[in-house]
Amino acid sequence: MGKPIRFTHHARLRLARGTSLEEVIRAIQEAPWRPAARGRWECLLEVPFHGEWNGKRYTGKQVRPVFVEEEGAVVVITVYVYFLPRGGLKEEG
């Protein structure tokens, strides 16, 4: 995907919930897109996270941007972040 990725002010504020511009861009570039509400798109990327968030320890997180594809750019509307214990969905056992 060669389009530039832009972030709304709201989406930039949501980065403070535990992700980065780089992780969101990576999600859009690497994870499969699926339709979301109101003509938007979303995708989900699971990444390692070995640390604490809000006083709890986690070993993985999921980054889920919601965005629209315009003619000249992909515009990120909001970003959701889910912290996962024990490696998240990819861990077996």
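**A quick tour of the chain**

The accessible surface here adds up to about 5900 Å², and carbon and sulfur atoms own 51% of that. Keep in mind that this is a predicted model. Two helices and six strands make up its regular elements, and along the sequence they run β-α-α-β-β-β-β-β.

**Overall build**
- The radius of gyration is 14 Å, which agrees with the value near 12 Å for a compact globule of 93 residues.
- Along the principal axes, the C-alpha atoms fill a box of roughly 40 × 25 × 25 Å.
- Of the 93 residues, 41% count as buried.
- Take the contacts with a separation of 6 or more: 51% of them come from residues 24 or more positions apart.

**Charges**
- There are 15 positive and 11 negative side chains, with the centres of the two sets 6 Å apart.

**Aromatic rings**
- Searching the whole structure turns up five aromatic pairs.
- One of them is W33 with W41, a tilted pair at 6.0 Å centre to centre and 50° between the planes.
- Both partners are partly exposed: W33 has 26% relative accessibility, and W41 has 30%.
- W53 and F83 also pair up, and with ring centres 4.9 Å apart and planes at 15°, they count as stacked.
- That pair ties together distant parts of the chain, since W53 sits in strand β4 (residues 45-53) and F83 in strand β6 (residues 74-84), 30 residues apart.
- F83 is buried at 14% relative accessible area, whereas W53 is partly exposed at 28%.
- W53 and F83 also belong to one aromatic cluster with F49 and Y58.

Conventions:
Residues numbered from 1 in each chain as written. Predicted model: local features only at pLDDT ≥ 70, side-chain atom pairs only at ≥ 80, totals over all residues. Heavy atoms only, no water. Helix = DSSP H or I, 4+ residues; strand = E, 2+ residues; numbered from the N terminus. Rg over C-alpha atoms; globule rule 2.2 N^0.38 Å. Buried < 20%, exposed > 50% of the residue type's maximum accessible area, 1.4 Å probe, protein only. Contact = heavy atoms within 4.5 Å. Areas by Shrake-Rupley, 256 points an atom, 1.4 Å probe, with all protein chains shown as cover. Lys, Arg positive; Asp, Glu negative; His and termini not counted. Charge placed at Lys NZ, Arg CZ, Asp CG, Glu CD. Phe/Tyr/Trp six-rings, centres within 6.5 Å; stacked < 30°, edge-to-face > 60°.
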